[in-house]
Amino acid sequence: MFKTVTIIGDGGMGSVCAMLLCENGVRTTLWGHEAAYIAEMAHKRENVRFLPGYKLPDSLRLEADDSRAFDGAELVVSAVPCQFLRKTWQRLAAYLPAGIPMVSVTKGIEIGTLRRPTEILREVLGTQRPYAVLSGPTIADEVAQGLPATATVASENSELARAVQQTFNTAMFRVYTHDDCVGVELAGAMKNVIAIAAGAVDGIGAGDNAKAALLCRGLAEIQRLGAAMGAREKTFTGLSGLGDLVTTCISPMGRNRSFGERIGRGMSAEEALAATPSVVEGVPTCTAVLELARQHHVEMPITEAVYDVIHGRKAIRGAIADLMGRELKEEF
């Protein structure tokens, strides 16, 4: 179990990680890129921008000084949105102690490079340190409330996976271990695209049957691409796959589902993005996933439909009609 941890990223997930670690008596530092906002968080003991209504632990150290961010850290948690990940770590790389292990809680795929979060970290920070991924059905508000939740930590280094498991596990936050980092990261990224579609289904009032079909066929798409990229299909039926997909597609607090619902209720994609306070990772991820699908020759009709709706190529009802009218086939 790690005794001193630094979290990079002051979003909702970074704050929730800090709450869990402080609950376990871990000496925790939370770093943010904007000094004025970190000072506000320290004064109010609340992340009013990304996790309002929840008190930050008194023991949590808030830091904006790059040179002091990693003081005493035995483990680093990377909680930066995917499209900002490379730039953030290029800024901090010079201060990161050599060999310190890292666990990523970022979900997404980088536009342009098509890299997963841990691939970005390896490119920027090198391969001479162990990496892990923590993911699962973990809506930040519920975890902050102390409601029961579960997650998976995946790493090729089984010793690191077990140490992260012990560090984050609490009475109401149960952590399992896994070794399929590729599958866990891909599942965490692609479910956000399906969540946009789920929100659109809610927005137009298409019904529960439609949403159930969407989740099942969406999961089939995720599994197909994951298998083509070397992930194990079983991973996608676990917490980081099916579990996270269900939560993201049904929770009224989910950013991606809410974004899709706003489009379903008549907003343009630009208007829906402007109305969403946090990063909607499913939007850039949709573009990246389609490029990966083309590279690996994988059919992903739901993802294509989401892309067409976001970019104004199709209306939602037209996209649904096209999906329903596809050539009949076997389910499996």
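In this predicted model, Ile7 sits opposite Leu30 of strand E2. That pair is a good way into the sheet.

Ile7 belongs to strand E1, residues 4–8. E1 runs parallel to E2, residues 27–31, and five bridges join the two. One step along, Ile8 faces Trp31 in E2. How does the chain get from E1 to E2? It passes through helix H1, residues 12–23. This β-α-β crossover is right-handed.

E1 has a second partner. It pairs with E6 over four bridges, again in the parallel sense. Here Ile8 stands opposite Ser78 of E6.

Now look at the side chains of E1. In a regular strand, side chains alternate between the two faces of the sheet. Thr4, Thr6 and Ile8 point one way from E1. Val5 and Ile7 point the other way. Are these residues buried or exposed? All are buried. E1 is thus mostly covered, with five of its five residues buried.

Step back to the whole sheet. It is open and has eight strands, in the order E5-E2-E1-E6-E7-E8-E9-E10. The pairing is mixed. E5 (61–63) and E10 (173–178) each have a single partner strand, so one side of each is left without a neighbour in the sheet. From one strand to the next, the twist averages 25 degrees.

A helix completes the tour. Helix H6, residues 158–168, lies across E1, E6 (75–78), E7 (102–104), E8 (131–135), E9 (149–154) and E10. H6 runs at about 175 degrees to E10.

How values were computed: Residues are numbered from 1 along each chain as its sequence is written. This is a predicted model: local features need pLDDT of at least 70, side-chain atom pairs count only at pLDDT 80 or more; totals for chains, interfaces and linings use all residues. Side-chain values use heavy atoms; hydrogens and water are left out. Two strands pair if DSSP finds at least two bridges between them. Axes are lines fitted to C-alpha atoms, for helices over the stretch in contact, and angles run from 0 to 180 degrees between N-to-C directions. Contact means heavy atoms within 4.5 Å. Buried means under 20% relative accessible area, exposed over 50%, partly exposed in between (1.4 Å probe, protein chains only). A crossover is right-handed if, with the strands pointing away from the viewer, the path from the first strand over the helix to the second runs clockwise.
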